[in-house]
Amino acid sequence: MPNTKNDIAKSFDKDGYISPIEVLDGEETKELRNNFNKFEEDIGQENAQYSLHNVHMEHPWVLRVATHPRLLAPLRAILGPNILLLDSRFICKYPTPEDKDAFVAWHQDVRYWGVEGDVVSVWLAVDDADVENGCMHVIPGSHKIGILTHESSDKDGNLLSSNQSIPFDLFDVTKSTPCPLKAGQMSLHHGHLVHGSETNRSSRRRCGYVIRYIATTARPLDDPDRPRKFPATVLVSGSNNTNNFDDHSPAWYDWRV
């Protein structure tokens with residue numbers, strides 16, 4: 001990881017991602033995994049795969065992870081001091097037999113989010129994530145080619161709820177770069193970065209906590225064809241000096257930096 005704020009900003013601007021970044025120590029990682037395992041036990045693997053959406057609004061331990069000082073520091077270098085948490089979700093990819101697929105097609109996050117302005121996505125590893133169990137792959141520099149056409153995937157097993165996929169002729173898939181992470185590490189990627197992941201062919205779960213952050217200068221897009229609401233925005237750094245998005249911070253949240 002680049003060392004200074006200036007280096008972080010330059011590297012992120014050039015490549016559209018930074019990985020890996022150390023966030024949680026051993027005890028913090030163990031606590032995160034134990035807490036997620038309790039979720040998984042309570043709701044079952046099928047629901048734990050993608051249904052734990054914006055639980056930072058209900059569980060202090062989740063929001064504490066999303067506001068960890070070592071997580072927020074590089075975000076401030078990229079987005080500035082005034083930052084909102086836009087949305088979050090735990091995503092699990094379970095071992096999949098050879099006759100089935102469970103992958104995330106090539107896509108850009110900002111295609112779905114309805115935000116004008118930079119969106120930075122955090123992928124924080126709950127479990128070790130590697131090529132064998134389906135870690136994220138990115139196309140470095142692809143955040144500079146604009147928002148690409150997304151079409152319905154013709155391959156079964158796409159985990160994206162909209163079944164969207166970017167056609168291969170619109171980007172250079174030979175530049176695909178894996179982003180393996182140890183549990184407790186994170187990667188950052190720009191909302192325009194083309195990325196995806198393959199099916200988990202290992203015997204191990206691959207769970208991550210995905211969190212979207214924006215500067216308070218970002219704006220919601222007015223799209224009558226796909227109206228969006230942002231019920232889980234939380235001010236996590238600085239001040240909400242524009243009020244473009246409402247701050248829905250839970251009443252118990254009192255450790256803003």
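Is histidine 195 buried or exposed? In this predicted model, histidine 195 has a relative accessibility of 4% and therefore counts as buried. The residue belongs to strand 11. Two polar interactions of its side chain were identified. One is a polar contact with the side chain of aspartate 109, at 3.2 Å. The other runs to the backbone oxygen of leucine 193, which the side chain of histidine 195 reaches at 2.9 Å. With residues up to four places away in sequence set aside, histidine 195 touches Ala105, Trp106, His107, Gln108, Asp109, Met136, His137, Val138 and His189. Aspartate 109 thus appears both as a polar partner of histidine 195 and in its list of contacts. Aspartate 42, by contrast, is separated from histidine 195 by 153 residues in sequence and by 31 Å in space, C-alpha to C-alpha.

Histidine 137, one of the residues touched by histidine 195, lies in strand 6, which spans residues 136-138. Its relative accessible area is 14%, so histidine 137 is also buried. A polar atom of the side chain of histidine 137 is found 3.3 Å from the backbone oxygen of cysteine 135. Beyond four places in sequence, the contacts of histidine 137 are Trp106, Val131, Ser176, Thr177, Pro178, Val194, His195 and Gly196. Trp106 is accordingly touched by histidine 137 and by histidine 195.

Cysteine 135 was examined further. With a relative accessible area of 1%, cysteine 135 is buried. Cysteine 179 counts as buried as well, at 4% relative accessibility. A search for disulfides over the whole structure returned zero. Cysteine 135 takes part in none, and the nearest cysteine sulfur to it, that of cysteine 179, is 6.9 Å away. Cysteine 179 is likewise in no disulfide, its nearest cysteine sulfur being that of cysteine 135. A disulfide would require the two sulfur atoms to lie within 2.5 Å, so the separation of 6.9 Å excludes one between cysteine 135 and cysteine 179.

Both cysteines also line a cavity. The structure holds one cavity of 30 Å³ or more, and the space in the largest cavity amounts to about 30 Å³. Its lining is formed by Trp123, Ala129, Cys135, Met136, Cys179, Leu181 and Ser187. Of these residues, six are nonpolar, one is polar and none is charged. Met136 of this lining is in addition a contact of histidine 195.

Open pockets were then considered. The volume of the largest pocket is about 700 Å³. Its lining comprises 33 residues, and those nearest the centre are Tyr50, Arg89, Trp113, Leu160 and Arg212. At least two lining residues come from each of strand 2 (83-93), strand 3 (104-107), helix 6 (110-113), strand 11 (195-197) and strand 12 (206-215). The greatest contribution is that of strand 2, with five residues. By residue class, the lining consists of 15 nonpolar, 10 polar and eight charged residues.

The second largest pocket has a volume of about 350 Å³. It is lined by 18 residues, with Ala105, Trp106, Ser153, Ser165 and Phe168 closest to its centre. Strand 3, strand 7 (151-152) and strand 11 are the elements that supply two or more residues to this lining. Strand 3 gives the most, with three residues. The lining divides into seven nonpolar, seven polar and four charged residues. Ala105 and Trp106, which lie close to the centre of this pocket, are both touched by histidine 195.

A further buried region involves strand 10 and helix 5. Leucine 188, in strand 10 (residues 185-190), has 0% relative accessibility and therefore counts as buried. With sequence neighbours up to four places away excluded, leucine 188 touches Phe12, Gly16, Tyr17, Ile18, Ile21, Pro74, Leu75, Ile78, Val120, Ser121 and Val122. Of these, Ile21 is 167 residues from leucine 188 along the chain, yet the two C-alpha atoms are separated by 8.3 Å. Pro74 and Leu75, also among the contacts of leucine 188, are buried residues of helix 5 (residues 69-79). Leu71, Leu72, Ala77 and Leu79 of helix 5 are buried too. Just after helix 5, glycine 80 adopts a positive phi of about 95°.

Key: Residues numbered from 1 in each chain as written. Predicted model: local features only at pLDDT ≥ 70, side-chain atom pairs only at ≥ 80, totals over all residues. Heavy atoms only, no water. Helix = DSSP H or I, 4+ residues; strand = E, 2+ residues; numbered from the N terminus. Buried < 20%, exposed > 50% of the residue type's maximum accessible area, 1.4 Å probe, protein only. Polar contact = N/O pair within 3.5 Å; in protein donor to acceptor, adjacent residues only side chain to side chain. Contact = heavy atoms within 4.5 Å. 1 Å grid on protein atoms, 1.4 Å probe; cavity = no way out; pocket = protein on both sides within 12 Å on 5 of 7 lines; lining within 4 Å. Points joined across faces, edges and corners; volume = space filled by probe spheres on them. Nonpolar A, V, L, I, M, F, W, Y, C, P; charged D, E, K, R; others polar.
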